[in-house]
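Please examine the structure shown below. The discussion that follows turns to a pair of helices and then to enclosed space.

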Amino acid sequence: MNILEVTDLTVRFGRNRPAVDSISFTLGAHDRLGIIGQSGSGKSVTSLAIMGLLPEHAQVSGSIRFDGRELVGLPEREYRKLRGDAVSMVFQEPMTALDPTMRVGRQLGEVVALHHGERRGSIRDGVLDWLGRVGITEPARIADSYPHELSGGQRQRALVAMALANEPALVLCDEPTTALDVLVQRQILRLLDVQLRDRATVFVSHDLAVVREVCPRVAVMLEGRIVEQGDIEQIIAEPRHPYTAGLIASARIDRVPRDQPLPSVADFYTPAEEA
């Protein structure tokens, strides 16, 4: 049974070309789908549409069904009951997602309270437990710290804990490792691979190698449309769309002789080819 069904989803901002143009995909209860594309392709707008976090002037049509319930047009008060409980999101930049005026433990505690009850002792225990689950070695110190006192990796781990503390059925990850250095990025990817194992996941990234680490399926977006989707290994081996071929080639820098320029997507695809 599919937990998420997106059908002919279109998102417009004013009279401009659609940011998302009639895309469709499904997700089973334990499936992971990577959505990949360059900046402006519509991948993040798609995840925000699913979360109901688009600005008020956004025009959304089509269908987003979560666990059989239609989300397009759902009143905000009903959406609030879903967010953080049944559906949650790991954002790209934790310093934006975390409240800089609140200690990390208090912020995570507000999420834990919804799942573990209101007793202060159980909330504190839940906070420390989740910080430990995401690989933080000094959970008490981190809980008592403000976001600016933590490293980028620690902040992102805390954000992952907040997204998962209520054990949501669907998790959206929007470029969750982009702001991290390569070493910390791999640590967070390994963490996500473990923690998201039994949850439906939509993983948004511009980096094919990152998506390959955590997702067996991929949808390739270009100018608001999905131009290709399916098994990620099969698509890497035999891309059908020239844009996909460009993404793959530009990621394989180890195969480029040092005396040759690095390939780019433009070497394989230009918008004129779509005309």
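In which hand of crossing does α7 pass α8? In this predicted model, the crossing of α7 past α8 is right-handed. Helix α7 covers residues 152-164 and helix α8 covers residues 182-195; their axes come within 10 Å and cross at roughly 15°. Angles under 35 degrees count as roughly parallel, and α7 and α8 are therefore roughly parallel to each other.

The residues that form this contact can be listed helix by helix. From α7 come Gly-153, Gln-156, Arg-157, Val-160 and Leu-164, while α8 supplies Val-184, Gln-187, Ile-188, Leu-191, Leu-192 and Gln-195. Sorted by class, the contact of α7 with α8 comprises six nonpolar, four polar and one charged residues.

The second topic is internal space. Rolling a probe the size of a water molecule over the atoms reveals where empty space remains. The structure contains one cavity of 30 Å³ or more, and the largest cavity encloses about 50 Å³ of space. Three elements each give two or more residues to the lining of the largest cavity, namely β9 (217-222), α10 (232-237) and α11 (242-251). The lining consists of Ile-36, Leu-208, Val-218, Val-220, Ile-232, Ile-235, Ile-236, Thr-244, Leu-247 and Ile-248.

What is the division of the lining residues of the largest cavity into nonpolar, polar and charged? Nine are nonpolar, one is polar and none is charged. Thr counts as polar under the classes applied, because it is listed neither as nonpolar nor as charged; Thr-244 is part of the lining.

Terms used. Residues are numbered from 1 along each chain as its sequence is written. This is a predicted model: local features need pLDDT of at least 70, side-chain atom pairs count only at pLDDT 80 or more; totals for chains, interfaces and linings use all residues. Side-chain values use heavy atoms; hydrogens and water are left out. On a 1 Å grid over the protein atoms alone, a cavity is a set of points where a 1.4 Å probe fits but cannot get out, and a pocket is an open set with protein on both sides within 12 Å along at least five of seven lines; lining residues have an atom within 4 Å of a point. Grid points are joined across faces, edges and corners, and a volume is the space filled by probe spheres set on the points. Helices (H or I, at least four residues) and strands (E, at least two) are DSSP runs, numbered from the N terminus. Axes are lines fitted to C-alpha atoms, for helices over the stretch in contact, and angles run from 0 to 180 degrees between N-to-C directions. Angles under 35 degrees count as roughly parallel, over 145 as roughly antiparallel, 65 to 115 as roughly perpendicular and the rest as oblique. A crossing is left-handed if the near helix is turned anticlockwise from the far one by less than a right angle, and right-handed if clockwise. Contact means heavy atoms within 4.5 Å.
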